[in-house]
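Subject: Handing over a structure

Hello,

Here is the structure I promised to pass on to you. Please open it alongside this email, and then read on for what turned up.

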Amino acid sequence: MGQYYKVINIDKKEFMYPDGGLKLMEWSYNKNPLILNLMKKIANEWKGDRVFVVGDYAVSEDRLYEDGEKAYDYEKLCEIERELDIYNKKEKGYPISLYHYVEDNFKEIRLEDLKEEYKYIYNHNKKEYIDLSHCPLAWLYKNKNKYEEVTISPISLLLALGNGMGGGDFCGNNEKVVGKYINDVDKLEITKEPLDVEYPEFRTEFYEGEYIPYNQIENEINREKEKSKLAKDIVNFIYDNDIKMFKERYKDKSNAFSRTEFTLGYRPKEKIQEISEIIGKNQDLTIQSKGHEFIRKIKDYNIEAMVISNKNKVDLHSKNGINEDNYINSIYKGIIGDLNIKNVDSINTENKKTVIIFETQEKCNITTENAKEIDDFIKNAKEIYKQSENQRYAVKFTELHERIPKEARTSNLFYYEYRENEGEKIIERSVWVDYAGTLVTNKDILDDKEFIHYKEIFNNSEILMMDDSNMNEEVIKSLENKVEEYEE
C-alpha cells in the first residue's frame with residue numbers, strides 16, 4: 001500500500017501536510033509548495049530544529065528486522081519515540097506512529113503561497129553543500145509552449161523517516177543516501193546565495209528512470225522539440241496517405257500527435273510498423289521514399305537516446321576514475337543491450353578501437369577518438385545497429401544419431417528430432433516413427449510451428465547454421481552423466 005508523509009518539527013511541535021498527493025514521490029520535487037515551505041522554514045524560524053519528513057509506516061519496531069539488521073532510521077525513530085513517550089506503545093492493537101501522534105499533539109502549519117526559492121543546502125556537521133541547480137532531470141512538461149523542468153528535491157529525501165516501507169517511496173538511484181541528514185538537521189543552513197566556506201559539493205544524484213544530469217537538461221529540451229516536430233510530421237504523413245488507418249487508430253490529429261510523441265520514445269516499433277504498412281500499400285516512389293526517411297529518423301532518434309542515456313550513466317558511476325578503454329566498452333555494451341541487439345557475440349575495446357563480433361563471426365570495427373564527446377558514440381552506434389540489421393540469423397547447432405532423453409537435456413539448449421520421409425528430413429520436437437537423428441540448437445527454430453523441413457533451415461540464405469563442437473561436447477557429456485547415474 002502507499003505510504004503517506006508529512007513534515008514534522010519535533011522541537012516546535014508543528015507539522016505540515018502536502019497540498020496534493022501525500023506519498024513521498026508525489027511531492028518531493030523542487031518548486032513543490034511543501035518543499036518551498038520546508039526550505040524557507042529551515043532557513044529561518046526552524047533553523048537548528050529537528051525537522052523530519054515522516055511516513056505513516058515509520059515505527060521503530062518495524063525497522064528492526066528479524067536477522068538483527070537495523071533500517072537506516074531505526075535509532076532516530078527510537079530516540080524520538082522515547083522522547084514523546086510512544087516507544088513500543090500501542091493504541092487499538094496498533095503501534096503508535098510519530099505520523100499519527102502529532103495529529104492531536106502538535107500544531108498544523110498551513111502552507112504559504114511561495115515563489116521564492118532557496119538554492120543551497122549547507123551541512124555544517126558533514127562540511128559539505130548541495131547546489132539545487134545541479135539536480136538531475138526528473139521530467140519535462142509543456143507550459144504555454146515552453147518546456148519546464150522538474151527535478152527531485154534532495155531535502156525531503158535526506159530527512160525522510162520510513163522510506164522503503166510503502167508505495168510511492170523513493171526507490172531510484174542512490175536510494176541508500178535517503179535519510180543521510182537525519183542526524184544533522186540541526187546543523188543545516190539553507191541559503192539563496194552561496195556561503196564563503198571551503199566545503200566540497202555533495203551531488204545527491206537522486207533520479208528514477210533515465211539519468212539526465214543537470215548540464216544536459218538544455219540538450220534534452222532540444223531533443224524533446226525535435227521529437228515533437230517529428231511526431232507532427234509523421235501524423236500528417238499517415239493522415240495524408242492512409243486516412244482509413246488514421247480513423248481506425250486515432251480520434252483526431254491532437255490524439256494522434258500525443259500518442260505518436262509517446263510512442264517514439266517508448267514503443268518506436270509500433271510507429272515503424274504503421275509507416276511500413278503505408279509503404280507496402282503505396283506504389284508512389286515519393287511516398288515510399290518519405291516513409292523510409294521517417295523510419296530512419298525514428299531509428300536515429302532512439303539510437304541517440306540510448307547513446308546519451310548510457311554515456312550519462314557510465315559518467316555517473318565512473319567519477320572515481322576508470323580505464324578509458326573500459327569506459328568506452330561499458331558504453332557500447334549498454335547501448336547494445338538497450339537497443340535489444342541480440343546477435344552480438346562479443347565486444348572488445350583496446351586503444352580506443354572497439355571490435356564487435358556478431359554471431360555470424362563477422363566483425364564491426366569502430367574507433368572512438370574522443371571519449372569525452374558524444375558524437376563518436378552516436379555515429380558508431382548507428383553503424384553497429386546498421387550492421388546488426390544486415391546480419392543473417394545465426395544458429396549454432398550439433399547433430400547426433402541417438403535420441404537424447406528429456407532428463408539428459410540441458411535447459412540452455414533446444415532439442416529436435418529428425419523424421420526421414422521419402423529421402424527428406426523433417427525437423428520436429430519429437431518423432432515416434434521414421435526417427436533419423438537429433439538436432440540440438442542454441443535457439444528455438446520452430447517457434448509455434450509443429451515441424452519444419454531440413455532445407456528451410458540449412459539451405460536458407462537468410463540463416464547461418466554454425467556447427468558447434470562445444471555444443472556437441474556439452475550434449476554428449478550430459479548424456480554420459482545420465483547413463484552413469486542410471487548404472488549406479
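To begin with a small puzzle, which residue in β20 is the bridge partner of Ile426? The partner is His453.

Before going on, a word on where this comes from: the model is predicted, so local features need pLDDT of at least 70 and side-chain atom pairs count only at pLDDT 80 or more, while totals for chains, interfaces and linings use all residues. Residues are numbered from 1 along each chain as its sequence is written, and side-chain values use heavy atoms, with hydrogens and water left out.

**Strands around Ile426**

Helices and strands here are DSSP runs numbered from the N terminus (helices are H or I with at least four residues, strands are E with at least two). Two strands are said to pair if DSSP finds at least two bridges between them. As background, strands of a sheet pair through backbone hydrogen bonds, either parallel or antiparallel.

The pairing of β18 with strand β20 (residues 451-453) is antiparallel and has three bridges. β18 (residues 424-428) also pairs with β17 (residues 414-421), again in the antiparallel sense, over five bridges. There, Ile426 is the bridge partner of Arg419. Two residues separate β17 from β18 in a hairpin, and Glu422 in its turn has a positive phi of about 55 degrees.

**Two open sheets**

One open sheet has three strands in the order β13-β14-β15, with antiparallel pairing. Its edge strands, which each pair on one side only, are β13 (344-350) and β15 (363-367). From one strand to the next, the twist averages 15 degrees. For these angles, axes are lines fitted to C-alpha atoms (for helices, over the stretch in contact), and the values run from 0 to 180 degrees between N-to-C directions. β13 and β14 (residues 353-358) run antiparallel and are joined by six bridges; within this pair, Ser346 has Ile357 in β14 as its bridge partner.

Another open sheet of three strands follows the order β8-β7-β12, and its pairing is antiparallel. Here β8 (128-131) and β12 (188-191) are the edge strands, each pairing on one side only. Neighbouring strands of this sheet are turned by 15 degrees against each other on average, direction ignored. Strand β7 (residues 120-123) and β12 run antiparallel with four bridges between them, and Ile121 has Ile190 in β12 as its bridge partner.

**A pair of helices**

How do α11 and α12 pack? Helix α11 (residues 324-338) meets α12 at an angle of about 45 degrees, and their axes are 11 Å apart. The two helices are therefore oblique to each other (angles under 35 degrees count as roughly parallel, over 145 as roughly antiparallel, 65 to 115 as roughly perpendicular and the rest as oblique). Their crossing is right-handed, meaning that the near helix is turned clockwise from the far one by less than a right angle, whereas anticlockwise would be left-handed.

**Pockets and a cavity**

Rolling a probe the size of a water molecule over the atoms shows where empty space is left. On a 1 Å grid over the protein atoms alone, a cavity is a set of points where a 1.4 Å probe fits but cannot get out, a pocket is an open set with protein on both sides within 12 Å along at least five of seven lines, and lining residues have an atom within 4 Å of a point. Points are joined across faces, edges and corners, and a volume is the space filled by probe spheres set on them.

The largest pocket has a volume of about 790 Å³. Of its 26 lining residues, Glu210, Glu220, Glu224, Lys227 and Tyr266 lie nearest the centre. Two or more lining residues come from each of β9 (137-143), α6 (217-241), α8 (253-266) and α10 (285-317), and β9 gives the most, with six.

The second largest pocket, at about 510 Å³, is lined by 19 residues; nearest its centre are Pro268, Lys269, Leu339, Asn340 and Tyr385. α8, α9 (268-281), α10 and α12 (375-389) each supply at least two of them, with α10 giving the most at five.

Finally, the structure holds one cavity of 30 Å³ or more. The largest cavity has a volume of about 40 Å³, and the residues lining it include Ile130, His134, Cys135, Phe202 and Arg203.

Enjoy exploring it!

Best wishes
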